[in-house]
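Okay, hi everyone, thanks for squeezing me in. I'd like to spend a few minutes on a ligand site, so let me get it up on the screen.

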Amino acid sequence: MSKWDQLTKAVGELEEKKVIEILHKFINTNPSYEEVQKVIKACQAGMIIVGDCFEKGDYFVGDLIFSGELLAKVIAIVKPFLGNSSSIKKGKIVIGTVQGDLHDIGKNIFKSMVDAAGFEVYDIGIDQPVSAFVNKVREVQPDIVGMSGVLTVALEAMKDTVDGLKEAGLRDDIKVILGGNPVTKEACAYIGGDAYTANAAEGVKICRSWVV
Ligand code: B12
């Protein structure tokens, strides 16, 4: 089994000791940005196993909470290897998890990466109503708005948020990127986003392409 499969399995089985052991060995190799992406991918796959076990009734909400804490530790360990935040900022981005959704691990990963890529990041947090996005966009006039959501119901909240930005007359001045597993091509078109992804590194590439 490859080390990435081992990591996926250890995250899926909530084996904290094993996860931390694999990561400590990994960071001792002074990993590149691309290698850190492999860690994130492996952990994301592990979290899908956690979600599947929860759906089957083998794991409970307490296990979801534990998996969230475990992934936060993983991100703290690999964050120094995601690159240095550049002092010359390339663009502004407002990010947040939409109303009704409390998940923020993916958002926080994207935040760390887009910050390291040189963006000025304004993170408004989780479970954010339309008004919070609208107010922040009015205040900081970003180039991009990033919305995160992993619950199916987040899709409607994303649509409401994009509609709210339209009603406030702000939509035409910004690009909107949607992040999270439930966002498909069709969902993105329905919501009115400019792009979508379930991969933070791809999200960073898209954002970069918008501000060059
Ligand atoms: C951990 C977890 C929790 C934790 C979250 C802790 C935290 N601080 O975030 C807690 C315990 C709070 C939780 C609660 C619940 N959860 Co939960 N949870 C999960 C779990 C296991 C992992 C999510 C995760 O962090 N994945 C890892 C990250 C890295 O992946 P990611 O979020 O997709 O992010 C990546 C990309 O999508 C992208 N990205 C993310 N955001 C953004 C934003 C932008 C702008 C960009 C560009 C990119 C980007 O970048 C990331 C890295 O590549 C998932 C299982 C799954 N399959 O996802 C269930 C899951 C999402 N939860 C689920 C459920 C049902 C719940 C609860 C309703 C459970 C309950 N009965 O209380 C509550 C809902 C609370 C709420 N209102 O939000 C379901 C959702 C089902 C559905 N279709 O809606 C899932 C799918 C589990 C399942 N299979 O049943 N959960």
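So, this is a predicted model. Let's start with who's around the ligand: the shell holds 36 residues, and the closest are L102, H103, D104, S148 and T152. If you sort that shell by character, you get 18 nonpolar residues, 14 polar ones and four charged ones.

Now, which residue gives a donor to the cobalt atom of the ligand? That's H103, through NE2, 2.3 Å away, and it's the single donor from the protein. In the fold, H103 belongs to the loop between β1 (91–97) and α5. There's also a polar side-chain atom of H103 sitting 2.7 Å from a nitrogen atom of the ligand.

Okay, other polar partners. S148 has a side-chain N or O atom 2.7 Å from a ligand nitrogen. For G51 we're talking backbone: one of its N or O atoms is 3.1 Å from a nitrogen atom of the ligand.

Zooming out a bit, where does the ligand sit? In the largest pocket. The elements giving two or more residues to the shell there are α3 (33–56), α4 (61–78), α5 (105–116), β3 (144–148), β4 (175–179) and α9 (200–211). The largest share is from α3, with seven residues.

And what about domains? Domain 1 (3–81) and domain 2 (91–211) each put at least three residues into the shell.

So if you keep one picture from this, take the ligand in the largest pocket, with H103 as the one protein donor to its cobalt atom. That's me done, happy to chat.

Methods: Residues numbered from 1 in each chain as written. Predicted model: local features only at pLDDT ≥ 70, side-chain atom pairs only at ≥ 80, totals over all residues. Heavy atoms only, no water. Near = heavy atom within 4 Å. Polar contact = N/O pair within 3.5 Å; in protein donor to acceptor, adjacent residues only side chain to side chain. 1 Å grid on protein atoms, 1.4 Å probe; cavity = no way out; pocket = protein on both sides within 12 Å on 5 of 7 lines; lining within 4 Å. Sits in = over half its atoms within 2 Å of the grid points. Helix = DSSP H or I, 4+ residues; strand = E, 2+ residues; numbered from the N terminus. Nonpolar A, V, L, I, M, F, W, Y, C, P; charged D, E, K, R; others polar. Domains from an automatic or database assignment. Donors = N, O, S within 2.8 Å, 3.2 Å for Na, K, Ca; no water.
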